[in-house]
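Reader: Can you walk me through a couple of spots in this one? Keep it quick.
Author: Sure, here it is.
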Amino acid sequence: MARPLLPLNALRAFESAARHLNFTRAADELSVTPGAVSQQIRLLEDTVGGPLFKREAKGLQITDLGRAAAPLLREGFERLMDASALLREPPRRRQISVSVAPSFAAKWLMPRMDDFHAAHPEIEVWISADMEPVDLTEGAADLAVRYGPGNYGGHVSQLLMTETVLPVCAPRLMQGDHPIQAPGDLIHHTLLHDVSSDADPSRPDWAMWLKARKFRHPDPRRGSRYNQNSLLIEAAIAGRGVALAKRTLAQADLAAGRLVAPFADGSEAVGFAYYVIMPRDRPASASALAFTAWLKRQAVDHDNNMDTL
């Protein structure tokens, strides 16, 4: 059984008087009269069965019993004050954690996050850019966006966007001694290869893309390789060669003119797509649902913008 608590007002009066060694200063701190402090301490002394202070000519002195109890009471009241301050704080902002691949985070998600924060200032989003998918069933994140086939066991998956790949390059490669006008012109330029670890069997590499256009490149596997799509795109922007890139991730740079697509028929649809996934074994929070709905609206806008490029 819990031990009964001594009178709280009496404990508070004793703790203050023990700190000041003066009933008048304790009374000022507690906004009561010195007589009220003295009365509360006498009540406490009667309850514990012994004196807590010695009233001597040179002033108030604390007894051994009082000296032992005072630090514990001081710590206890400080904890009560901390708890009271916490309870008085306004409600904390709702938080969600979102796991995404680094390139998707850098090239698609992060440039759009200001829009989400403006629409939902009450929700705090923690972005985790992970090369490997996190285990949502263990609570590592509330939801994830992944590029893949869509069959994620133990999870609810919702299609976000489809994907195509296409050659892209810096505008200056469309000029100069060897301007890119047809696939055959690629023999004069470095080919940039995507070797990211998404294992999409439907994604063509340069050899497949050139073969589909009936051009025999002397060595379609030469050139620089990048294990993240964002690095591949940045290399193309810098003019280091021609990249066979995911259009979703290259779209902003195409729209801004940092990249161009040199071939009108260069796009190839792939089987993988972007999916929002959430664990099946626990209900999604209102914040996670709000973020998912926002992602879908952004995806629709993205598709509409791609149609205009």
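Author: A definition to start: the expected span of a helix is 1.5 Å times one less than its number of residues. Helices (H or I, at least four residues) and strands (E, at least two) are DSSP runs, numbered from the N terminus. This is a predicted model: local features need pLDDT of at least 70, side-chain atom pairs count only at pLDDT 80 or more, and totals for chains, interfaces and linings use all residues. Residues are numbered from 1 along each chain as its sequence is written, and side-chain values use heavy atoms, with hydrogens and water left out.
Reader: What span should helix α3 have, at 1.5 Å a residue?
Author: Helix α3 (residues 34-48) has 15 residues, so 21 Å is expected; its end C-alpha atoms are 21 Å apart, which agrees.
Reader: Which residues are buried in α3?
Author: Val37, Ser38, Ile41, Leu44 and Glu45. Buried means under 20% relative accessible area, exposed over 50%, partly exposed in between (1.4 Å probe, protein chains only). Those buried residues lie on the same side of α3, because they cover an arc of only 125° around the axis. The arc is that of the directions from the helix axis to the C-beta atoms.
Reader: What is exposed on the other side of α3?
Author: Gln39 and Asp46.
Reader: What do the buried residues of α3 pack against?
Author: α1 (8-20), α2 (23-30) and β1 (53-56). Contact means heavy atoms within 4.5 Å.
Reader: New topic. Is Gly66 buried or exposed?
Author: Gly66 counts as buried, because its relative accessibility is 0%. Gly66 sits in helix α4 (residues 64-88).
Reader: What does Gly66 touch?
Author: Phe14 and Leu52, leaving aside residues up to four places away in sequence.
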